[in-house]
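Q: I have a model open on my screen and would like a close look at one part of it, with the surroundings filled in afterwards. Could you walk me through the patch described below and then carry on from there?

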Amino acid sequence: MKHYLDFEKSVAELENKIEELRHLTSDSDINIAEEVTHLQNKAERELNSIYSKLSPWQKCQVARHPERPHVREYISALVEDFTPLAGDRLYGEDQAVVGGLGRFQGRSCVLVGQEKGHDTSSRVAHNFGMARPEGYRKAQRLMNMAERFRLPFITLVDTPGAYPGVGAEERGQAEAIARCMEISLGLSVPVVCVVIGEGGSGGAIALATGDRILMLEHSIYSVISPEGCASILWRSSDQSRDAAEALRLTAQDLDKLGVIDRLIREPIGGAHRARTETIRAVGQAISDCLKDLSDKDPDSLRKERREKFLAMGQKGLS
Amino acid sequence: MNWITNYVRPKLQALVSSKNEVPDNLWEKCPACEHMVFHRELEEQLRVCPNCGHHMRIGPTTRMKLLFDEGKYTRISLPETIQDPLKFRDRERYTERLKKARSKTGEQDAIQVAHGTIGGQKAVTAIFDFSFMGGSMGVAVGEGLLAAAKLAVEKDAALITIPSSGGARMQEGILSLMQLPRSVIAVEMVKEKNLPYIVLLTDPTTGGVSASFAMLGDIQIAEPGAVIGFAGARVIEETIRETLPPGFQRAEYLLEHGMLDMVVPRNELQETLGRTLKLLREPLLGEALPASGKGKKAASKAAASDEAKGSSTAESEKPAAKDEKSGKKPAKPEAERVTEQ
């Protein structure tokens, strides 16, 4: 059963009609085949027009779409010999953060990302991509490993935010996030970060302080969720739509603000309609960035990464 | 009825309100134990309740007078930054909120940077002003932290950050989130030079502010009872649907969980900071002074020459006049004002 977002109703109707027609006609009728093609074209045009002008709030829903490809799918498609590594060596293993060693286009890399899960049991196991301090400390361990073996460090960001819980606070959620940034800002190997879905505040930026920050076209990245922002500033979560507009959390806005380096196009209808194509595009973008960064020496990597963040916040939106 | 509404009521109100105002100003109720404290006593006690020891919030000016030797310090003007980069508007325009906060505090934004000595040790402080939009961190605050770090490096001084903040400033969206790594870079600048970096966590230190520079101190000190944490207590309660343990996210609780070095009452802060800095910077007493440490008082005076000068006495309630010598600096909000509530 396909999951349709509420603004995709017209597409859902067309696609259901196509299904119905297909079922009806075991005795192949040429008129019906024509009708199907006609409807398919119509559905495609409809998708195209919807997705070419998604509102920020609609983008939030696309970014959170349950069928959007998640970290593990990217890794299994893009990385050979992936060897997952576990644990922070301090307290536990947090499956909200997935990471390990692997070969990306023939080259050993360290990869880390927040995994949201794809069904009920995996969502629970991965805690919906909301990491606890252990997850961030595992990421720190892997950053240090990348540094020690001089391997590029790649992150895939997809999280509603860091987990708000008693244990997480007691074990230093804030410190774990801060330390992640400290370590990754100091790495002397290339660091490429891609926001593939939701970039939820501090929980996201812990894994997004790299040399290159990329974003998928319909992903979002924000200081607070629109729901959280609405409930604080508008005193009502009914205003999430307005908050999503005001926060400027789309990849397009972040591009204009100079916060990201590159926007990766998604196929028509969003990543969840063409997973393979999307994953391939992300792979290509990472590869381009690594190529770009490959001849930089450790000192200039660190220096330029720092300068990149220092330069942010000079320009606003007109 | 006219004569009642027009004459009697305003008169009565005037009587009633004036009667109310006098005790309000002279006596303050402790928010923790509800004990009524006479205002002069409260100021003498550094706004710590004499009955229960509750540490009320104090503003940057009071804080600086409290921490720097003899209450003497020099504020620096901070770089001008982009205003309202997102053209943000909720129920009110961000520019309006900024305007109100500025007229309320007389300051440009939620951070103040100063330098001087603490226990004879050179120190730069970057202090958050909670009364300015909840001490929230946007581009200007990030720039303030960077300026403080650069100043510490330039003056070969320790950096002491003193957060009091609800977190990132939502109205600056992603750019406020970017202040997290930027503030971490500020910390790194200081650490690279082997200068001490101390965080004094005051009430409250939460959200994005806690998850950046505020957790990376060489030494982490907190004031008693300060709320410190990443996620808001209400959010946690709603997520786990349980009541939170007593003392959750308070300074003492964090100390118990290994997140702090010490919880220090307000009246011992200056001594503690001075002693700690001295231990870090003067490993051999009397000798091995830092190369540039030529007579500390003279040094701080000399450095102050082209910057606005902080006033010194704790009882001066009137705003001290802007220093005329700072004429060449374009930024204006140098007037000293007591901003705490």
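Which residues form the nonpolar patch on the surface of chain B, and how much accessible area do they have together?

A: Happy to. Please keep in mind that this is a predicted model. The patch is made of B:L26, B:W27 and B:M36, and together these side chains offer about 270 Å² of accessible area. B:W27 belongs to strand β1 of chain B, which covers residues 27-29. With a relative accessible area of 39%, B:W27 is partly exposed.

Let's step back to the chain that carries this patch. Chain B has 12 helices and 11 strands. Of its 341 residues, 52% are buried. Its accessible surface comes to about 15700 Å², and carbon and sulfur atoms account for 53% of that. Looking at contacts in chain B with a separation of 6 or more, 67% are between residues 24 or more positions apart.

One pair that spans such a distance is B:R169 and B:D109, which form a salt bridge with their closest N and O atoms 2.8 Å apart. The two ends sit 60 residues apart: B:R169 is in the loop between β6 (158-162) and α6 (173-177), while B:D109 is in the loop between α4 (94-105) and β4 (111-118) of chain B. Both residues are buried. Another loop to find on your screen is the one between β7 (197-201) and β8 (205-206) of chain B, where B:P204 lies. The peptide bond joining B:D203 and B:P204 is cis, with omega at about -15°.

Now turn to where the two chains meet. Here 49 residues of chain B are in contact with 47 residues of chain A. Between them the chains bury about 4100 Å², with 72% of that area on carbon and sulfur atoms. B:M170, B:I174 and B:F230 supply 16% of the area that chain B buries against chain A, more than any other three residues. Charged groups take part as well, since side chains of opposite charge can pair when their charged atoms come close. There are 2 salt bridges between chain B and chain A. The side chains of B:E192 and A:R306 meet in a salt bridge, at 2.5 Å from N to O.

B:E143 also reaches across to the other chain. B:E143 is in helix α5 of chain B, residues 139-155, and is buried, with a relative accessible area of 14%. Leaving aside residues up to four places away in sequence, B:E143 touches A:Q314 in chain A, along with B:P79, B:T81, B:Q179 and B:R182 in chain B.

Crossing over to chain A, helix α4 (residues 71-78) makes a good stop. In this helix A:V71, A:Y74 and A:I75 are buried. Seen down the helix axis, the buried residues fall within an arc of 95°, so they line one face of α4(A). The spacing fits a general rule: an α-helix has 3.6 residues a turn, so residues three or four places apart point the same way. On the other side of α4(A), A:S76 and A:A77 are exposed.

Chain A has its own charged pairs to look at, and a search over all chains finds 39 salt bridges in the whole structure. In one of them, A:E93 pairs with A:K138, the closest N and O atoms being 2.9 Å apart. This pair links distant parts of the chain, 45 residues apart: A:E93 is in the loop between β1 (79-84) and β2 (97-104), and A:K138 is in helix α6 (residues 133-148) of chain A. The two ends differ in their exposure: A:E93 is partly exposed at 40% relative accessibility, whereas A:K138 is buried at 1%. A:E304 and A:K296 meet in another salt bridge, at 3.2 Å from N to O. Here A:E304 is partly exposed, with a relative accessible area of 36%, and A:K296 is partly exposed too, at 27%.

Finally, have a look at two backbone spots in chain A. A:F128 has a positive phi of about 55° although it is not a glycine, and A:F128 lies in the loop between α5 (120-125) and α6. A:R248 likewise has a positive phi of about 55° without being a glycine. You will find A:R248 in the loop between α11 (240-247) and α12 (251-256). Relative accessibility is 39% for A:F128 and 25% for A:R248, so A:F128 counts as partly exposed and so does A:R248.

Terms used:
Residues numbered from 1 in each chain as written. Chains lettered and ligands numbered in written order. Predicted model: local features only at pLDDT ≥ 70, side-chain atom pairs only at ≥ 80, totals over all residues. Heavy atoms only, no water. Buried < 20%, exposed > 50% of the residue type's maximum accessible area, 1.4 Å probe, protein only. Helix = DSSP H or I, 4+ residues; strand = E, 2+ residues; numbered from the N terminus. Arc of directions from axis to C-beta. Patch = residues over 30% accessible without salt bridge, like charges linked within 9 Å, V, L, I, M, F, W, Y side chains within 5 Å. Areas by Shrake-Rupley, 256 points an atom, 1.4 Å probe, with all protein chains shown as cover. Salt bridge = Lys/Arg side-chain N within 4 Å of Asp/Glu carboxyl O. Contact = heavy atoms within 4.5 Å. Buried area = accessible area lost by both parts, 1.4 Å probe.
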